[in-house]
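Me: I'm new to this structure and would like to get to know it through one of its helices. Please take a close look at that part, then lead me out to the rest.

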Amino acid sequence: MSLPKKSISASLVTVMLVAGCATPDNTAPSAPTRGPNLGATPSAAQLAAMDTSITPNGAGLPAGSGTVAQGAKVYAAKCETCHGPKGVGKPADALVGGIGSLASGKPVRTVGSYWPYATTFFDYVRRAMPTNAPQTLSNDEVYAVTAYVLNLNGIVPESAVRNAQTLPQVKMPNRDGFIDYSKK
Amino acid sequence: MSKTKASHDLVAKTEVPPALADNQRRHFLTRSASVAGTLATAGVAAGAATAAAQEVPAWMKAPGTPMRAYGTPSSYEKSVQRPSASGYASVSPATGSSRTPHQSLEGTITPSGLHFERHHNGVPDIDPSKHELLIHGLVNRPLMFNLATLSRYPMVSRTHFVECAGNSGGNSAAKPPQGTAGAIHGLASVSEWTGVPLSLLLNEAGLAGGAQWVIAEGADSAAMVRSVPLSKCMDDAMVALYQNGERVRPEQGYPMRLLLPGWEGNMNVKWLRRLKVADGPAHSKDETSKYTDLQPDGKARQFTFELGVKSIITFPSFGTKLDRRGLYELTGIAWSGAGRISRVEISEDAGKTWRDANLQGPIYSKSFTRFRLPWEWNGNAVVLQSRAIDEKGNVQPTRAAFVSQYVAGMNYHNHYIQSWAIAADGSISNVFA
């Protein structure tokens, strides 16, 4: 039995077309599109424990509060070894100063002069500081040390109390200092 | 930014650390040997016969060592190491980086043990049976995965570079740092990554209305967080489980990392534990206070994700001394976050004239492309440069053009032309040309 010549040619063409697509292209859209659906459903408790995200508008900030005075004590005990007295820096980053310096030709980037959101400072301290014992500060301690560093920068008064309501209201000096390049 | 941190991120030293210099001296010997042949190490001019060549070598007259469960490089290659630095050595020595020694490597794949490292508080020792990846936020159903379940998903293998946004930042210092190609540009490495397309996992969770960004979090003791546009996550992003065929190394995110081909390394979150789909970015520490590019007018560019087209000559380069006139093979690597490299040009006169180098295939998108060029050195002082062009038409800029956009010393996203000056005596230095 012989196959019709036409069909052989057609299948050869198909093979060649497929082979022609097999270029050494490592971003070719050959990625699989269906998975076996093996994801487990997290419990509400698991979700709550893992979801520590905080947004600049304050969503996700935990309960608790802290004052500048309380923060000074936390800072002396947990932060000063690395960030120096009153946040002046050394050996780790300076937290204070430089406000107004960014366009001066000698920019000094600190929490006070450069960071656009106070919520970011809270978030970073809560997840990563102090580096020798991250995630050991209580939420009250993080609010307090945030209030203290903001006060050192002259951004909040000495009487300030920071909590989930007051922290997002802080307008950092460099709040409008960034140009969004995410779509460029 | 504090001076301490800056000097860490960019190796802004103009002197080579003594240990590194030693390393380079050793490498110089290695490279000389490979160029001139083993006769050179025996102190005999090329072309002459040696007594040793007439004897049967000792390793041919006795059995070799037996098989071993996991191999390592030759004991004669111990000088090929990653130089490392920490900007916080006295208080947080595990915060810092180590760099791929490009000048000692060939081809395009970085050995896993020489892939650059950048840690924000050390390498966690993660037990994979206790590690989970949560996908939640603006999804129809939150999902938890672990290494066992993800390993049963369909996968893809892709050869891509990962490059720290702080790579090459040393060249933004006022004076050119005298370091090797690796010491200056070693925060970039290439691996074959294998993993699960992130789009597949996000589709299983089901994207809800308003989804625009994905917040990725690592399980290290810095709990590193970065925000990624959803469009990238649905494009070529991957949850990588394997690196060069074996499980991802601890330094690279074991048991799983986010891979965002062509985008700044910091976003490729290692030790990935959580992906939260959101309507906006988190504005985390590492996407506001760090990895943002300050302009002279005081405004900073935020979210510079895609890395620019770039190339470096790895031979000849700092750390080697040309010991004779004549023919050499000039070689190096080129890459772009925008896609494939389409052309690399070489200049011997600090950028006045250019000629094409040969590109070695296969040319992968968002990966290193090796370039080569037969090159005759006549003993004159020359300034060698390479200039890469990618398939989108992006051209690697000059240093002057790049740095003029930013404040002095801006040490992120630097991808301008590297210049190596070769003196008449064959010695090589880093210059700004």
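Reply:
**A helix and its surroundings**

The buried residues of helix α7 in chain B pack against β4 (133-137), β5 (143-145), β7 (188-197), α8 (230-233) and β10 (238-243), which also belong to chain B. Before we go on, please keep in mind that this is a predicted model. The helix itself covers residues 198-205 of chain B. Which of its residues are buried? They are L198(B), L200(B), L201(B), L202(B) and E204(B). In general, an α-helix has 3.6 residues a turn, so residues three or four places apart point the same way. Just after α7(B) comes G206(B), with a positive phi near 80°.

Let's stay in chain B a moment longer and visit a loop. P177(B) sits between β6 (156-163) and α6 (181-185) of that chain. Why does this proline count as buried? Because P177(B) has 20 C-beta neighbours inside 10 Å. We can also use P177(B) as a marker for a jump along the sequence: D349(B) is 172 residues away along the chain, and the C-alpha atoms of the two are separated by 21 Å.

Now let's turn to a sheet in chain B. Five of its strands make an open sheet with antiparallel pairing, in the order β19-β18-β22-β23-β24. At the edges are β19 (355-356) and β24 (428-431) of chain B, each of which pairs on one side only. We can start at the β19(B) edge. Strand β18 of chain B, residues 341-347, is joined to β19(B) by two bridges, and the two run antiparallel. Here I346(B) stands opposite R355(B), which lies in β19(B).

Further across the sheet, β22 (residues 382-390) pairs with β23(B) in the antiparallel sense over four bridges. In that pair Q385(B) faces S419(B) of β23(B). Next, β23 (residues 419-422) of chain B pairs with β24(B), again in the antiparallel sense and over four bridges. I422(B) has I428(B) in β24(B) as its bridge partner. β23(B) and β24(B) form a hairpin with five residues between them, and in the turn G426(B) has a positive phi of about 90°. Along β24(B) the side chains alternate. I428(B) and N430(B) point to one face and are buried, whereas S429(B) and V431(B) point to the other and are not.

What about the partner chain? Chain A has six helices and three strands, which run α-α-β-α-α-α-α-β-β from the N terminus on. Of its 184 residues, 37% are buried. Among contacts in chain A with a separation of 6 or more, 60% are between residues 24 or more positions apart. The pLDDT of chain A averages 88, and 84% of the residues score at least 70. Residues 1-24 of chain A, however, have a pLDDT below 50, and beyond near neighbours in sequence this stretch has four contacts in the model. Where pLDDT is low, the predicted coordinates should not be read in detail.

How many residues of each chain are in contact with the other? There are 50 in chain A and 61 in chain B. On the chain A side, the elements giving two or more residues are α2 (44-50), α4 (80-83), α5 (118-128) and β3 (178-180). The most come from α5(A), with five residues. Sorted by class, this side of chain A has 27 nonpolar, 15 polar and eight charged residues. The strand β3(A) also joins the two chains directly: three bridges link it to β15 (residues 300-302) of chain B, and the two strands run parallel. There, F178(A) stands opposite A300(B).

Finally, let's look at the interior. The largest nonpolar core has 82 residues, and V145(A) and V239(B) have the most contacts inside it. Helix α6 of chain A, residues 139-152, supplies the largest share, nine residues. Leaving aside neighbours within four places in sequence, V145(A) is in contact with G71(A), V74(A), Y75(A), C79(A) and V125(A). Another core, of 41 residues, lies apart from the largest one and includes L294(B), I313(B), W335(B) and I363(B).

Definitions and conventions
Residues are numbered from 1 along each chain as its sequence is written. Chains are lettered from A and ligands numbered from 1 in the order in which they are written. Two strands pair if DSSP finds at least two bridges between them. Two residues are in contact if their C-beta atoms, placed from the backbone, lie within 7 Å. Ala, Val, Leu, Ile, Met, Phe, Trp, Tyr, Cys and Pro count as nonpolar, Asp, Glu, Lys and Arg as charged, and the others, Gly among them, as polar. A residue is buried if 20 or more other C-beta atoms lie within 10 Å of its own, exposed if 12 or fewer, and partly exposed in between; C-beta atoms are placed from the backbone. A nonpolar core is a set of buried Ala, Val, Leu, Ile, Met, Phe, Trp, Tyr and Cys residues joined through C-beta atoms within 7 Å. pLDDT is the predictor's confidence in each residue, from 0 to 100.
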